[in-house]
Every structure is written in structure tokens, then in C-alpha cells.
Amino acid sequence: MNSEFNRIAQEFAQAQGLHLTDMQALIAILDADSDPEEGGEPMTPGRLRGQLNLTSGAVTACLDRLERAGHIRRVRDAGDRRVVHLHYADAARGLARDYFRPLARSTDAARGRFSPEELEVVVRFLAEMNAELVSLRRDHG
């Protein structure tokens, strides 16, 4: 399943002229942008560097590509002009939504074939697997 998700993301990246790292950055920026009312903060280049484990130069090159392609906006913080916030551009959000809409429909169709109780077990299993993988990465990192 993860491989198929990755293939779909890679096809989107290729269609947009983006690198795989660019896609990872876009996802991180979108995730940070999508939950401001839940106490989330906009993504910054420094946080993105840490999240993707990239050098400052690699993050700058990635953000330059994404900004040139119209996928993100860099916005200086009103309270501290040294801080740059990264936001997913509205037009790019619509483009991604249109591209990934069939994936959302397929996900809904698959989910519809399971009872709520079955889905609870699946969610619990996936959460446990994720916790194990995080632990494994930390132990070997």
C-alpha cells in the first residue's frame, strides 16, 4: 500500500517537475498549514530542515524550486521579520486536490467495505506499527 501511495505521489511530482524531496516538503508544509486552530504553527525552513533531515542548502534549493513553480509562498512573520513562514499556495492546493481526488474516492470506497468496529482494529494496528517503526528508527538513528 505504501509503495502504491509513493508511486501516485511520484507521478504527481513528475507531472509538476518536482523532486521527491519537494513532495515531502510540500506534504510537511500542507500538514502544518492545515491545522492552525489546533495550535499548529506554520512551517519554517528550520523546522522543515529538521523534519526532512536536510542541510540548510538543500532546504533552500527545495524551497526555491517550490516557490518558482508556484506551490508555496514565503511570508515573513509580522512580529519578527527574521522568521519566515512557509504556506501552501492556494492555486497549488487546488491542483493537488484535483490530482488526488480519485485517491480520496478510492480510500472512501475501501473504507466503506468495513464496519466501524473493523476500522477501529485497523487504526489501532496501524498506530501500533507506526509506534514500532518510530522506536526502531530512534534505536538505530
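## Close-up views of a predicted protein model

**Figure 1. The largest pocket holds about 720 Å³ of space.** Welcome to this predicted model; the pocket is a good place to begin. Of the 24 residues in the pocket lining, those closest to the centre are F5, A9, I27, F100 and L103. Four elements each give two or more residues to this lining: α1 (2-16), α2 (20-34), α5 (90-111) and α6 (116-140). The largest share comes from α2, with 7 residues. Rolling a probe the size of a water molecule over the atoms is a way to see where empty space is left.

**Figure 2. The whole protein chain has 6 helices and 2 strands.** Starting at the N terminus, you can follow the elements in the order α-α-α-α-β-β-α-α. The C-alpha trace spans about 50 × 40 × 30 Å along its principal axes. Of the 141 residues in the chain, 22% are buried. Among contacts between residues at least 6 apart in sequence, 48% join residues at least 24 apart.

**Figure 3. The accessible surface of the protein chain comes to about 9900 Å².** Carbon and sulfur atoms account for 53% of this surface. The chain also carries 19 positive and 22 negative charges. Take the mean position of each set, and the two points are 6 Å apart.

**Figure 4. N53 sits in the loop between α3 (45-52) and α4 (56-68).** Here is a backbone detail to look for: N53 has a positive phi of about 60 degrees, although it is not a glycine. Most residues other than glycine have a negative phi. Is N53 buried or exposed? N53 counts as exposed because its relative accessibility is 70%, and the cut-off for exposed is over 50%.

**Figure 5. V59 is a buried residue of helix α4.** Its relative accessible area is 3%, so V59 falls under the 20% limit for buried residues. Which residues does V59 contact, leaving aside its neighbours within four places in sequence? They are P45, L48, R49 and L54. One of these partners, L48, is 11 residues from V59 in sequence and 7.5 Å from V59 in space, C-alpha to C-alpha.

**Figure 6. L66 also lies in helix α4.** L66 counts as buried because its relative accessibility is 0%, and buried means under 20%. If residues up to four places away in sequence are not counted, L66 touches L18, D22, A25, L26, H71 and I72. For a sense of how the chain folds back, look at G17 as well: L66 and G17 are 49 residues apart in sequence, with 9.8 Å between their C-alpha atoms.

**Figure 7. E4 is a partly exposed residue in helix α1.** The relative accessible area of E4 is 44%, so E4 falls between the 20% limit for buried and the 50% limit for exposed. Where does Q24 lie relative to E4? The two residues are 20 apart along the chain, and their C-alpha atoms are separated by 16 Å.

How values were computed. Residues are numbered from 1 along each chain as its sequence is written. This is a predicted model: local features need pLDDT of at least 70, side-chain atom pairs count only at pLDDT 80 or more; totals for chains, interfaces and linings use all residues. Side-chain values use heavy atoms; hydrogens and water are left out. Buried means under 20% relative accessible area, exposed over 50%, partly exposed in between (1.4 Å probe, protein chains only). Contact means heavy atoms within 4.5 Å. Accessible areas come from the Shrake-Rupley method with a 1.4 Å probe; for residues, only the protein chains shown count as cover. Lys and Arg count as positive and Asp and Glu as negative; His and the chain ends are not counted. The place of a charge is taken as NZ of Lys, CZ of Arg, CG of Asp or CD of Glu. On a 1 Å grid over the protein atoms alone, a cavity is a set of points where a 1.4 Å probe fits but cannot get out, and a pocket is an open set with protein on both sides within 12 Å along at least five of seven lines; lining residues have an atom within 4 Å of a point. Grid points are joined across faces, edges and corners, and a volume is the space filled by probe spheres set on the points.
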